[in-house]
Amino acid sequence: MRPELDRLHLIEQYLLGPAAPADALVWEARLLLDPALRADTDAQRRMYAGLRAAGRRQLRQELTDIHQRLFGGQRRGHPASLGTRLRALLGRLRWA
C-alpha cells in the first residue's frame with residue numbers, strides 16, 4: 001500500500017503546493033507518459049473541487065442560520081414585513 005500513498009502524496013503536492021517551473025514541467029511530462037497518473041490526478045482535482053463546493057454550501061447555510069438567529073427572519077422596515085403588519089392591522093379593524 002505504500003506506493004499508492006506515495007503516488008497520492010505526489011498528486012497532492014502537484015495540486016496543492018507551489019511547484020517550481022522545472023518541477024511543473026517534469027510533472028506535465030509524467031502526465032503525458034502515464035495515462036493512469038493523469039486519470040488519478042483528474043479524479044483528485046475533481047474531489048478537491050467538490051470539497052470546496054460543499055464547504056461553501058455549508059458556510060452559506062451557517063451564515064443564514066446566524067442571520068436568522070440575530071435578526072429573526074425579516075429585517076425591520078422590509079417591505080414584506082410592513083405589508084404583513086398592515087394586513088394584520090386592517091384585519092383587526094374590519095372585525096372591530
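1. Gln44 is placed in helix α3. In this predicted model, Gln44 has a relative accessibility of 13% and therefore counts as buried, the cut-off being under 20%. Leaving aside residues up to four places away in sequence, Gln44 touches Leu8, Ile11, Glu12 and Leu15. Gln44 is also one of the α3 residues that make the contact with helix α1.

2. Thr41 likewise lies in helix α3. With a relative accessibility of 1%, Thr41 counts as buried. Its contacts, again without residues up to four places away in sequence, are Ile11, Tyr14, Leu15, Trp27 and Leu31. Thr41 is listed in the contact of α1 with α3, and Thr41 also appears in the contact of α2 with α3.

3. As to the overall arrangement, the protein chain has 4 helices and 0 strands. Read from the N terminus, the order of elements is α-α-α-α. The protein chain has 96 residues, of which 9% count as buried. Among contacts with a separation of 6 or more, 49% are between residues 24 or more positions apart.

4. The packing of α1 and α3 deserves a separate point. Helix α1 covers residues 2-16 and helix α3 covers residues 35-71; the angle between them is about 60°, and their axes are 10 Å apart. This angle makes α1 oblique to α3, since the range for roughly perpendicular runs from 65 to 115 degrees. The crossing of the two helices is right-handed. On the α1 side, the contact is made by Arg7, Leu8, Ile11, Glu12, Tyr14, Leu15 and Leu16. On the α3 side, the residues are Ala36, Leu37, Asp40, Thr41, Gln44, Arg45 and Tyr48. By class, the residues of this contact comprise 8 nonpolar, 2 polar and 4 charged.

5. The packing of α2 and α3 is described by an angle of about 115° and axes 5 Å apart. The two helices are therefore roughly perpendicular to each other. Helix α2 contributes Trp27, Arg30, Leu31, Leu32 and Leu33 to the contact, and helix α3 contributes Pro35, Leu37, Arg38 and Thr41. The contact of α2 with α3 divides into 6 nonpolar, 1 polar and 2 charged residues. Leu37 belongs to the α3 side here, and Leu37 is also listed for α3 in the contact with α1.

6. A further point concerns aromatic residues, for which the count is 1 aromatic pair. The ring centres of Tyr14 and Trp27 are 5.0 Å apart and the ring planes stand at 25°; the pair is stacked because planes under 30 degrees apart are assigned to that class. Tyr14 is in helix α1 and Trp27 is in helix α2 (residues 21-33), so the pair ties together parts that are 13 residues apart in sequence.

7. The two partners of this pair fall into separate accessibility classes. Tyr14 has a relative accessible area of 22% and is partly exposed, whereas Trp27, with a relative accessible area of 6%, is buried. Both Tyr14 and Trp27 are touched by Thr41. Tyr14 belongs to the α1 side of the contact with α3, and Trp27 belongs to the α2 side of the contact with α3.

Note on methods:
Residues numbered from 1 in each chain as written. Predicted model: local features only at pLDDT ≥ 70, side-chain atom pairs only at ≥ 80, totals over all residues. Heavy atoms only, no water. Axes fitted to C-alpha atoms, helices over the stretch in contact; angles between N-to-C directions. Parallel < 35°, antiparallel > 145°, perpendicular 65-115°, else oblique. Left-handed = near helix turned anticlockwise from the far one by under 90°. Contact = heavy atoms within 4.5 Å. Nonpolar A, V, L, I, M, F, W, Y, C, P; charged D, E, K, R; others polar. Phe/Tyr/Trp six-rings, centres within 6.5 Å; stacked < 30°, edge-to-face > 60°. Buried < 20%, exposed > 50% of the residue type's maximum accessible area, 1.4 Å probe, protein only.
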